[in-house]
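Reader: Hello! I am new to this one and would like to get to know its pockets. Could you show it to me?

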Amino acid sequence: MIYHHWAMNTPNFPTAATRDHALALLRQFLPLAGTAYAKNRNLHRPGHPHVSRLSPYLRSRLVTETEVIDAARARHGDGADTFVAEVLWRAYWKGWLEMRPQVWRETRAGVLAALARLDRDADLARTYEAACAGKTGIDGFDDWAQDLVTTGYMHNHQRMCFASIWVFTLHLPWELGADFFLRHLLDGDPASNTLSWRWVAGLHTPGKTYLAKADVITGLSDGRHRPKGLAALDFPVNGAPNPKPGPCPQGGVWDHRLPTALLLHEDDLSPDWLLDAGLRPLSTAFLLAADDRSPRPVSPLVKDFLRHATDDCSRRLSADLATIHGPVQGPGAVDALVAWARQTAALQIVTPFAPVGPVAGLLASLDARLAAENIRLVRAMRPYDAALWPHATHGFFRFHQTARNLV
């Protein structure tokens, strides 16, 4: 039996991709953000009432991590520490990958190599297609896969179990699992998604894997799911060792005296901090990069969510954004943005710093093109990121000891 209570109990995500809805979810969740969350967050219950459901909105920063952390602490004080730690994981993953961007490049190459394997190995291809369609015969796993495709959501603990079964029971390449998630998750984040899959596979923390256990899944799901045939043992997963961290990137500084345009993107749709700092753009463009997440088709739910989130931002801040251009997306995105920059007569384009991922790749190409036009591209880093990312040099425990005192 497939449980679609998430879809029934929650407004359709794409049409609810607004800051107002995110704030309503936050208010609804706040009473549970203390001990109730710490005790019940891993339960696999229909509707997942013990988690915040804010991740898609944090992913695009329709609400910010600072707002959510401050609200939880104001309600529960130190009792919100478990929830706050989960929010801080997002900054840890991003900072870790910023200092090791080659891991993202290696993962992208791994996806292409694994897709090529599917063309050569019919048995592997059948297993892969069955896993993506939720037709493996594994109770729980199949339900989660089908719900993900239908709703764009999967509970965090289910993601861990799903990834473990994908790797150690089905013997599928982890890169293809990470790609499957990135194509379908409304909160699909290059850093969190990639590094979480690496962690399950024993690559992020060498030798430490996550092995899903049937009795745990049965217990957490109140007996609804009773998977059989799960792997009892893990095995080494091939992968390059973790590189040593390089320098953490620094954000650029924009010149208030220059005529300036603003470029917003799906990684940060709350530019209030730039506007509050005095930015008065001649024009504002929006960049979306959903199709750059994968060589395979990206879910329409993801694209719709981002489009609605962009529309919400442009409506909410229209008085401060001047003329609106876009959203720009697809193969001609960089060309379209160069043409827009020329038309604005701006000498600098300010954009929120995009962490490692598809948007950052497009911005790197845009930077080179704008330089030829004598237009600066300034990647302004949000203070939250600037404060936390440099501390993601080792494991989360060390990061958390410092980060919890900085926010």
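Reader: How much space lies in the second largest pocket?

Author: Happy to help, and please keep in mind that this is a predicted model. The second largest pocket is lined by 14 residues. Its space comes to about 280 Å³.

Reader: Which element gives the largest share of the lining of the second largest pocket?

Author: Two elements give two or more residues to that lining, helix 7 (102-120) and helix 11 (174-184). The largest share is four residues, and they come from helix 7.

Reader: How many residues of the lining of the second largest pocket are charged?

Author: Let's divide that lining by residue type. Nine of its residues are nonpolar and three are polar. The charged ones number two.

Reader: What is the volume of the largest pocket?

Author: This pocket has 48 lining residues, and the closest to its centre are E86, W89, W93, N156 and S196. Its volume is about 1,200 Å³.

Reader: Which helix gives the most to the lining of the largest pocket?

Author: Good one! The elements that give two or more residues are helix 4 (55-59), helix 6 (81-98), helix 10 (156-169) and helix 12 (190-200). The most from one element is eight residues, given by helix 6.

Reader: And how many residues of the lining of the largest pocket are nonpolar?

Author: We can go through the groups in turn. Ten residues of this lining are charged and 16 are polar. The nonpolar group has 22.

Key: Residues are numbered from 1 along each chain as its sequence is written. This is a predicted model: local features need pLDDT of at least 70, side-chain atom pairs count only at pLDDT 80 or more; totals for chains, interfaces and linings use all residues. Side-chain values use heavy atoms; hydrogens and water are left out. On a 1 Å grid over the protein atoms alone, a cavity is a set of points where a 1.4 Å probe fits but cannot get out, and a pocket is an open set with protein on both sides within 12 Å along at least five of seven lines; lining residues have an atom within 4 Å of a point. Grid points are joined across faces, edges and corners, and a volume is the space filled by probe spheres set on the points. Ala, Val, Leu, Ile, Met, Phe, Trp, Tyr, Cys and Pro count as nonpolar, Asp, Glu, Lys and Arg as charged, and the others, Gly among them, as polar.
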